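The following account leads through the structure shown below, from its strand pairings to selected residues and the largest pocket. Please keep the sequence and the model in view while reading.

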Amino acid sequence: RPVAGTVRYELEVLDTAGMVRVAATTPDTMVVLNDLRRLPAGVEYRWWVRAIDAAGAQRASAMRPLRLRNE
């Protein structure tokens with residue numbers, strides 16, 4: 001959901017060791033991740049997003065689980 005006053009959102013997908021595997025910045029609440037080859041299917045990941053306003057203040061979402069499947 002949009003956060004009032006936000007100028008950009010930063011998305012991070014982390015592996016179980018806490019290393020950032022994918023990161024993206026967007027001015028909107030939607031982002032297209034084109035390089036998901038860096039995330040093997042069947043592995044547990046976690047993701048979160050930060051909303052950043054013009055003054056640099058940040059609000060972060062809760063960390064959420066993510067698991068990709070092969071289709």
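**Strand pairing and residue environments**

Glu12 stands opposite Ala23 in strand S2. The model is a predicted one, in which local features need pLDDT of at least 70 and side-chain atom pairs count only at pLDDT 80 or more, whereas totals for chains, interfaces and linings use all residues. Residues are numbered from 1 along each chain as its sequence is written, and side-chain values use heavy atoms, with hydrogens and water left out.

The pairing of Glu12 with Ala23 belongs to a ladder in which strand S1 (residues 6–14) and strand S2 (residues 20–26) run antiparallel over six bridges. Strands here are DSSP runs of E with at least two residues, helices are runs of H or I with at least four, and both are numbered from the N terminus; two strands pair if DSSP finds at least two bridges between them. S1 and S2 form a hairpin with five residues between them, and Gly18 in its turn has a positive phi of about 90 degrees.

The protein as a whole has zero helices and five strands, giving the pattern β-β-β-β-β along the sequence. Its C-alpha atoms fill a box of roughly 40 × 20 × 20 Å, taken along the principal axes.

Strand S3 (residues 44–53) enters several of the pairings. S1 and S3 run antiparallel and are joined by eight bridges; here Glu12 has Trp48 as its bridge partner in S3. S3 also pairs with S4 in the antiparallel sense, over three bridges, and these two strands form a hairpin with four residues between them, where Gly56 in the turn has a positive phi of about 95 degrees. A further antiparallel pairing, of four bridges, joins S3 to S5, with Arg46 opposite Pro65 in S5.

What surrounds Arg50 in S3? In S4, the bridge partner of Arg50 is Ala60. Contact means heavy atoms within 4.5 Å, and, with neighbours within four places in sequence left aside, Arg50 is in contact with Arg8, Tyr9, Glu10, Glu12, Gln58, Arg59 and Ala60. Two of the side-chain pairings are polar contacts, that is, pairs of N or O atoms within 3.5 Å; within protein, one atom must be able to donate a hydrogen and the other to accept it, and residues adjacent in sequence count only if both atoms are side-chain atoms. The side chain of Arg50 makes such a contact with the side chain of Glu12 at 3.3 Å, and another, of 3.5 Å, with the side chain of Gln58. Arg50 counts as buried because its relative accessible area is 14%; buried means under 20%, exposed over 50%, and partly exposed in between, with a 1.4 Å probe and protein chains only. Buried residues make up 23% of the 71 residues in the protein.

Asp15 is placed in the loop between S1 and S2, and at 14% relative accessibility Asp15 also counts as buried. Within the hairpin, the side chain of Asp15 reaches the backbone nitrogen of Met19 at 2.9 Å. Not counting residues up to four places away in sequence, Asp15 touches Arg21, Glu44, Tyr45 and Arg46.

Arg64 lies in strand S5 and is partly exposed, because its relative accessibility is 40%. Its contacts, with residues up to four places away in sequence not counted, are Tyr45, Arg46 and Trp47. Across the protein, 44% of the contacts between residues at least 6 apart in sequence join residues at least 24 apart.

The last feature is the largest pocket. On a 1 Å grid over the protein atoms alone, a pocket is an open set of points where a 1.4 Å probe fits, with protein on both sides within 12 Å along at least five of seven lines, and lining residues have an atom within 4 Å of a point. About 610 Å³ of space lies in the largest pocket, where grid points are joined across faces, edges and corners and the volume is the space filled by probe spheres set on the points. Its lining comprises 25 residues, of which Arg1, Thr29, Trp47, Val49 and Ser61 lie nearest the centre. S1, S3, S4 (58–60) and S5 (64–67) each supply at least two lining residues, and S3 gives the most, with four.
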